[in-house]
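Open the model in your viewer and keep the selection tool at hand. The stops below tell you what to pick next and what sits there.

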Amino acid sequence: MALFEHKDFDDHESVHAFTDPDSGLKAFIGIHSTHRGPAAGGARLWTYETSTDALTDVLRLSRGMSYKNAMAGLNLGGGKAVIMRPESDFDRAKLFTALGKAIDSLCGKYYTAEDVGVSPDDMRNVLSQTKFVAGLEEGDAASGDPSPVTADGVFRSIKVGVEKQIGSRSLKNVHVAVQGLGHVGYALCQHLHDAGAKLSVTDINEDVLIKAESAFDANIVDPDEIYAVDAEVFAPCALGAVINPDTIERLKCKVIAGAANNQLSVAEIGKDLMDRGILYCPDYVVNAGGIINIAGEIEGSYSREWVEEKLVGIEKTLADIIAQSADTGIPTNKIANKMARERIGRG
Ligand code: NAD
């Protein structure tokens, strides 16, 4: 497995491999940059076919965290932990205790939190071994569930996008198509409904659709139909790579702003969106509310006022990206990447 030659290596400051035969732990921790502060990013538990797949994931994800944290104006670098899900039955408490030991051995260069497949309970086991953990639900500095804050940041970003494309920040009667009504998507719908927006929604979970229909008077559409909804805004809040050569042909929206990570299947599609007059609000700028919440916990300075200031920062940064894109004709995703790299000293 080549590391330095890996196409996603991008001068990671360090990449660590940890094993613990007793618990079955096989994990990578990638530290992309500590230029702005200790690296921070969640721990993911996922089934990987090979350790090369897990390595690729950790490299991409930790670089993504460098960009996200920098664009949110946080004094944090970018890092990520990826645990290869053991093939046979395993003891979660043992696995995450072993991860805690591994994180502690990095002496504070990396802070972890929950990501896909990992719960606050797992984080409690990590906490038994190290203080370099956030996303906790208990304790004086605990910030709790980050999803409502992520939804708040997405809602504000939609207003910024709508202002640019339609000329007013008001969402009254603006039609928004929301894909995925999970922790973030459902909370986003509440904000949008309160602001007078019209909603079309989809999910693969029938129950949540029924709930949204009665709570928000939402129009329910099939999962594959959401792209073609004649709405001003499309808010992807479920999966990555949903903007791809197939779906782009069906889009009728003027703005894309949502919580999902890695929404563009390839970076080049950003230009295609711009050519079609669709404003893409870069995902890692829009969905930084969760890490903002966690950053307050890491710094031990968590307060609603501090979080509010950083959420306003998302709006300003997004407006700046949109303005630079309009001035230069460069797609918003490329402008965001350039700004992020400058902010981590790699411009
Ligand atoms: P979640 O798992 O709570 O919700 C995802 C929802 O999408 C679920 O209701 C699921 O049923 C639905 N879904 C799955 N496949 C679908 C499909 N094909 N079509 C329609 N709906 C589908 O996740 P979440 O915490 O709400 O996060 C949503 C997205 O935002 C994820 O991509 C996540 O990585 C990203 N994100 C979340 C946060 C956060 O604070 N939770 C922060 C940053 C980014």
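Start with enclosed space. Over the whole of this predicted model, a search finds 1 cavity of 30 Å³ or more. The largest cavity holds about 30 Å³ of space. To see its walls, select Ala-177, Ile-226, Tyr-227, Val-229 and Ala-231, then add Val-233, Phe-234, Leu-251 and Cys-253. What is the character of the lining of the largest cavity? Colour the selection by residue class: 9 residues are nonpolar, with no polar and no charged ones.

**Next stop: the ligand**

Select the ligand and expand to the residues around it. There are 18 of them. Which come nearest? Thr-150, His-183, Val-184, Asp-203 and Ala-238 do. Sort the shell by class and you get 9 nonpolar, 7 polar and 2 charged residues.

Now show helices. H4 (147–166) gives at least two residues to the shell around the ligand, and so does H5 (183–194).

Switch on distances for three contacts:

- Thr-150: a polar side-chain atom lies 2.7 Å from a ligand oxygen atom.
- His-183: here too a polar side-chain atom is found 2.7 Å from an oxygen atom of the ligand.
- Ala-238: a backbone N or O atom sits 3.1 Å from an oxygen atom of the ligand.

How much of the ligand does the protein bury? The ligand taken alone exposes 820 Å², and the protein buries 73% of that.

**Next stop: the second largest pocket**

Clear the selection. Pick Gly-24, Lys-26, Thr-47, Tyr-48 and Glu-49, then add Met-84, Arg-85, Pro-86 and Glu-87. These residues line the second largest pocket, which contains about 230 Å³ of space. Colour by class again. This lining divides into 3 nonpolar, 2 polar and 4 charged residues.

**Next stop: two buried polar side chains**

Select Asn-244. Look for this residue in the loop between strand S10 (233–236) and strand S11 (255–256). Is Asn-244 buried or exposed? Its relative accessible area is 17%, under the 20% cut-off, so Asn-244 counts as buried. Follow the side chain of Asn-244: it reaches the backbone nitrogen of Thr-247 at 2.9 Å.

Move to Asp-57, in helix H1 (residues 51–71). Asp-57 has a relative accessible area of 19%, so this residue is buried by the 20% cut-off as well. Then draw a line from the C-alpha atom of Asp-57 to that of Ser-105. The two atoms are separated by 22 Å, and the residues are 48 apart along the chain.

**Last stop: positive phi**

Bring up the backbone torsions. Most residues other than glycine have a negative phi. Two loop residues are worth selecting here.

Select Asn-173, in the loop between H4 and strand S7 (175–179). Its phi is positive, about 65°, although Asn-173 is not a glycine. Is Asn-173 buried or exposed? With a relative accessible area of 56%, over the 50% cut-off, Asn-173 is exposed.

Finish at Asp-217. Find this residue in the loop between helix H6 (206–216) and strand S9 (219–220). Phi of Asp-217 is near 55°, again a positive value in a residue other than glycine. Asp-217 has a relative accessible area of 66%, so this residue is exposed too.

Definitions and conventions
Residues numbered from 1 in each chain as written. Predicted model: local features only at pLDDT ≥ 70, side-chain atom pairs only at ≥ 80, totals over all residues. Heavy atoms only, no water. Near = heavy atom within 4 Å. Polar contact = N/O pair within 3.5 Å; in protein donor to acceptor, adjacent residues only side chain to side chain. Areas by Shrake-Rupley, 256 points an atom, 1.4 Å probe, with all protein chains shown as cover. Helix = DSSP H or I, 4+ residues; strand = E, 2+ residues; numbered from the N terminus. Nonpolar A, V, L, I, M, F, W, Y, C, P; charged D, E, K, R; others polar. 1 Å grid on protein atoms, 1.4 Å probe; cavity = no way out; pocket = protein on both sides within 12 Å on 5 of 7 lines; lining within 4 Å. Points joined across faces, edges and corners; volume = space filled by probe spheres on them. Buried < 20%, exposed > 50% of the residue type's maximum accessible area, 1.4 Å probe, protein only.
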